[in-house]
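Reader: I am new to this structure. Please explain the terms as we come to them.

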Amino acid sequence: MGDMTNTQTVDSKRVLLAAPRGYCAGVDRAVVTVEKALDLYGPPVYVRKEIVHNKHVVTTLEKRGAIFVDETDEVPEGATVIFSAHGVAPVVHEEAKALNLKTIDATCPLVTKVHREAKRFAADDFDILLIGHEGHEEVVGTSGEAPEHIVLVQSPDHVEQVQVRDPDKVVWLSQTTLSVDETMETVRRLREKFPKLQDPPSDDICYATQNRQLAVKQMAPETDLMIVVGSRNSSNSVRLVEVAIEHGAKAGHLVDYADEIDESWLQGVTTVGVTSGASVPEVLVRDVLEYLAERGYQDVRPIVAAEESLLFALPNELRRDLKARNGSDADQVRHDAGSLH
């Protein structure tokens, strides 16, 4: 009987694997932008801030010759600099122009959309309630488009402190990587306070963030342990752990690499959920699945919440130079055999 019990325990171990997970179109575009810039111009290529919030991606690109800097004035005059997927404020473009830098803007098009919305509503003299996290690069960039008009709202509990000039001319925008549920709760409370609050023309939280959270919500009630692969400075990855716990997972942890998993987390665990943030290459997820398989979790079942097929063209500056150099398909975003893909 003892052997049978052990066999049943081993056989019942399983992994629920989220789909979609990992790279979104904006991250894919940003990473390939750096890779192709290195191929085209040769190292070093400077990148302002982390191109995406993932330790493995940044380290890999550094080995290829990318140099990551915090501020524009750290880039040598006349050099090439790439702006990260999170976007930058107009003042950063001005700084780059003053240093005669060659700029390539890898801002995610969905973040660019929020920037345009901020400029448009500011031109119409609205107060813009920007839901997001203070200090996050995306929030800094969006705020820089209309600093006199933007009021940051960090959470539902922050709403009661919000003051505006005219309650009849108020609109909300949001950081693209937030928890959908928490953002909607923040909006609900804002609308209670400001009944004339206007919505953005289209949803600001990006499709990839929503889809990854949706998969986690579906998995969480059956999950004893949720492992989210992602870096701690990745807002959307951190949110996935929170969403898992909120929707029924008994425990949840964020790891950059499989070797960060603590084996004690698996004690008494039958079902492990696995997903990854939108800036995480799939190789890191495979390492986690291998780690789990070696410990008896060989039954992997996909949980498909949505299908994704969106691709973004590379930045115009890079496409132009690629075409001038070799006439290649400058619209191609994905590498055929890149180490980060």
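**Cysteines, a strand and a helix**

Author: The model is predicted. A search of the whole structure finds 0 disulfides. Cys 24 is in no disulfide, and the nearest cysteine sulfur, that of Cys 206, is 5.5 Å away.

Reader: Why is Cys 108 not in a bond with Cys 24?

Author: The sulfur of Cys 108 is 6.0 Å from the closest cysteine sulfur, in Cys 24. A disulfide needs the two sulfur atoms within 2.5 Å, so the pair is too far for a bond.

Reader: What makes Cys 24 buried?

Author: Buried means under 20% relative accessible area. Cys 24 has 11%, so Cys 24 is called buried. Cys 108, at 11% relative accessibility, also counts as buried.

Reader: Why does Leu 130 count as buried?

Author: Leu 130 has 1% relative accessibility, which is under 20%, and therefore counts as buried. Leu 130 lies in strand E6, residues 127-131. Beyond residues up to four places away in sequence, Leu 130 touches several others, among them Val 139, Ile 150, Leu 152 and Leu 173.

Reader: How do you know that the span of helix H9 is close to the expected one?

Author: H9 covers residues 235-246, 12 residues in total. The expected span is 1.5 Å times one less than the number of residues, so 16 Å is expected, and H9 reaches 16 Å from its first C-alpha to its last.

Reader: Which elements do the buried residues of H9 pack against?

Author: The buried residues of H9, including Leu 240 and Val 243, pack against helix H8 and strands E9, E10 and E11. H9 is followed by Gly 248, whose phi is positive, near 120°.

How values were computed:
Residues numbered from 1 in each chain as written. Predicted model: local features only at pLDDT ≥ 70, side-chain atom pairs only at ≥ 80, totals over all residues. Heavy atoms only, no water. Helix = DSSP H or I, 4+ residues; strand = E, 2+ residues; numbered from the N terminus. Buried < 20%, exposed > 50% of the residue type's maximum accessible area, 1.4 Å probe, protein only. Contact = heavy atoms within 4.5 Å.
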